Amino acid sequence: MAGFSKLKRLIYENIKKEQYRSGVYKIYNRNKKCIYIGVSHRIRHRLEAHLYGRSDYRQVPGKMKLHKESYYYSVCYCGINTAREKEKRNKRNCKFNKL
């Protein structure tokens, strides 16, 4: 089972190199502390959403704050079921997974 990539700065130049594949991703703050972990069928698309803040912030309190604190990311490409297992194991200590 593959692990997570090294931390990358959450900027478009890095995100455009990612693939439109399923997997799990982690979002980190400036201090390199994991603040969110999520699963996606298309990781690149989801990272772009985090970068540009594409979301309805009125529906989910805390999403705007997550967007403002996001600074780094890492990814692990895998099947969606494996991604959900990894997310479940790791999300306990992530600030914004508790919303």
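In which helix do E48 and R44 both lie, and how many residues apart are they? Both belong to helix 2, which spans residues 43-52, and they are four residues apart, about one turn of the helix. The legends below concern a predicted model, in which three salt bridges are found.

**View 1. The salt bridge between E48 and R44 within helix 2**. The closest N and O atoms of E48 and R44 are 3.3 Å apart, and both residues are buried.

**View 2. The salt bridge between the side chains of K8 and E18**. The N to O distance of this pair is 2.8 Å, and the contact links distant parts of the chain, since K8 belongs to strand 1 (residues 8-9) while E18 is located in the loop between helix 1 (12-15) and strand 2 (23-28), 10 residues apart. With a relative accessible area of 24%, K8 is partly exposed, whereas E18, at 7% relative accessibility, counts as buried. The two residues fall into separate classes because buried means under 20% relative accessible area, a limit that E18 meets at 7% and that K8 does not meet at 24%.

**View 3. The salt bridge between K95 and E69**. Here the closest N and O atoms are 3.0 Å apart; K95 lies in the segment after helix 4 (80-90) and E69 in helix 3 (residues 63-69), so the salt bridge ties together parts of the chain that are 26 residues apart in sequence. K95 counts as partly exposed, at 43% relative accessibility, and E69 likewise counts as partly exposed, at 22% relative accessibility.

Notes:
Residues numbered from 1 in each chain as written. Predicted model: local features only at pLDDT ≥ 70, side-chain atom pairs only at ≥ 80, totals over all residues. Heavy atoms only, no water. Salt bridge = Lys/Arg side-chain N within 4 Å of Asp/Glu carboxyl O. Helix = DSSP H or I, 4+ residues; strand = E, 2+ residues; numbered from the N terminus. Buried < 20%, exposed > 50% of the residue type's maximum accessible area, 1.4 Å probe, protein only.
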